[in-house]
Amino acid sequence: MNERKWKQLFVAARNEAAPAPPTEFEANVLRAIRRERRTETPEMLSIFDQLNLLFPRLAWAAAAIIALSVVADWGLTAVGVPGLGDGVSQISAQWLLTSNGF
Amino acid sequence: MNDDAELLERIRNGAPDDFAEVVRRHQSRVFAILHRYEHDAHKVEDLAQETFVKAWRALEQFDGRAPFEHWLSRIAVRVALDHLRREKKRRNEIGLLELGEEALEWLRSDDEKSELDGRAAAEILDLALRELSPADRVVITMQEIEGRSVKEICAATGASGVAVRVRALRARAKLKRALEKLVKL
């Protein structure tokens with residue numbers, strides 16, 4: 001391609017008119033911005049998310065109850081009072097595991 | 001409201017709907033920039049919207065040292081560059097079928113008086129420019145079609161003067177080869 005054609009090509013391209021923005025263009029832009037601002041605000045947490053957030057606390061509470069029970073059982077056995085383990089064995093022997101079933 | 005600075009200050013101080021006025025003032029310029037890189041009017045509109053949304057997001061970063069329209073043009077050029085990178089993966093092949101009758105005739109003609117209108121020129125350039133990398137395409141478009149100086153291209157692309165000059169030379173040579181290829185097809 002010679003220099004004349006090269007220049008002609010670019011001059012013609014320069015003269016090509018750009019499309020005019022549609023009349024509602026600024027409204028569309030504002031809508032897109034509002035949509036974006038809405039998605040930026042935090043959404044309501046679902047029940048599963050809330051449980052997920054609570055899980056560490058629930059796990060610690062469960063561990064504390066188990067530890068308390070073990071300590072109480074050990075303490076009661078030490079002072080001669082039937083402990084929780086004895087109580088459970090007694091109930092099993094007397095009621096649940098009787099020879100005639102229930 | 002007479003100038004951009006005052007308008008932008010109002011938006012920053014809690015009048016987001018005034019951004020519509022910013023869009024009204026600058027939309028023609030943004031459409032003109034994006035039209036150089038994409039000829040589908042719907043896509044140009046989408047890209048223009050992307051440009052203004054990005055400008056909105058980055059509004060706090062605009063320090064007012066340069067005119068707002070320069071800052072916005074820079075965002076538009078980057079949006080165009082990203083678009084070209086996405087499109088490059090999709091359509092890389094050259095096909096004469098995409099050219100109209102007038103463009104084909106002009107390409108094949110040796111007549112010095114042969115005319116070429118803007119539409120046909122854009123078709124030819126669009127096809128030939130696909131041979132270039134998106135960054136080369138931006139530089140050659142800004143330099144040859146928009147008639148921008150190296151300094152202006154540096155400001156819009158964030159590249160150094162040397163990088164722009166080297167890229168422009170390389171892009172020009174590549175574009176010439178691509179056009180030769182089109183003439184021979």
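The following legends accompany close-up views of a predicted model.

**Figure 1. Salt bridges in the structure as a whole.** Side chains of opposite charge can pair when their charged atoms come close. Over all chains, a search of the whole structure finds 25 salt bridges. Individual examples are presented in the views below.

**Figure 2. A salt bridge between Glu3(A) and Lys176(B).** The side chains of these two residues meet with a separation of 3.3 Å, taken from N to O. This pair crosses between chains: Glu3(A) belongs to helix 1 (residues 3–14) of chain A, whereas Lys176(B) belongs to helix 9 of chain B. Glu3(A) has a relative accessibility of 35% and therefore counts as partly exposed. Lys176(B) is also partly exposed, because its relative accessible area is 26%.

**Figure 3. A salt bridge within helix 3 of chain B, formed by Glu50(B) and Lys54(B)**. The closest N and O atoms of the pair are 3.4 Å apart. Both residues lie in helix 3 (residues 41–57), and the four residues that separate them in sequence correspond to about one turn of the helix. Glu50(B), at 26% relative accessibility, counts as partly exposed. Lys54(B) is likewise partly exposed, with a relative accessible area of 28%.

**Figure 4. A salt bridge between Arg172(B) and Glu144(B).** The two side chains meet at 2.5 Å, N to O. Arg172(B) lies in helix 9 of chain B and Glu144(B) in helix 7 (residues 134–145) of chain B, so the salt bridge ties together parts that are 28 residues apart in sequence. Is Glu144(B) buried or exposed? With a relative accessible area of 13%, Glu144(B) is buried, since the cut-off for this class is under 20%. Arg172(B), in contrast, is partly exposed, with a relative accessible area of 26%.

**Figure 5. The surroundings of Arg167(B) in helix 9 of chain B**. Helix 9 covers residues 161–184 and contains Arg167(B). Which residues are in contact with Arg167(B), leaving aside its neighbours within four places in sequence? They are Ser133(B), Ala135(B), Asp136(B) and Val139(B). For one of these, Asp136(B), the C-alpha atom is separated from that of Arg167(B) by 6.1 Å, although the two residues are 31 residues apart along the chain. Arg167(B) counts as partly exposed, because its relative accessibility is 27%.

**Figure 6. A network of salt bridges with members from chains A and B**. Glu26(A) is linked in this network with four residues of chain B, namely Asp4(B), Glu21(B), Arg24(B) and Arg25(B).

Conventions. Residues numbered from 1 in each chain as written. Chains lettered and ligands numbered in written order. Predicted model: local features only at pLDDT ≥ 70, side-chain atom pairs only at ≥ 80, totals over all residues. Heavy atoms only, no water. Helix = DSSP H or I, 4+ residues; strand = E, 2+ residues; numbered from the N terminus. Buried < 20%, exposed > 50% of the residue type's maximum accessible area, 1.4 Å probe, protein only. Contact = heavy atoms within 4.5 Å.
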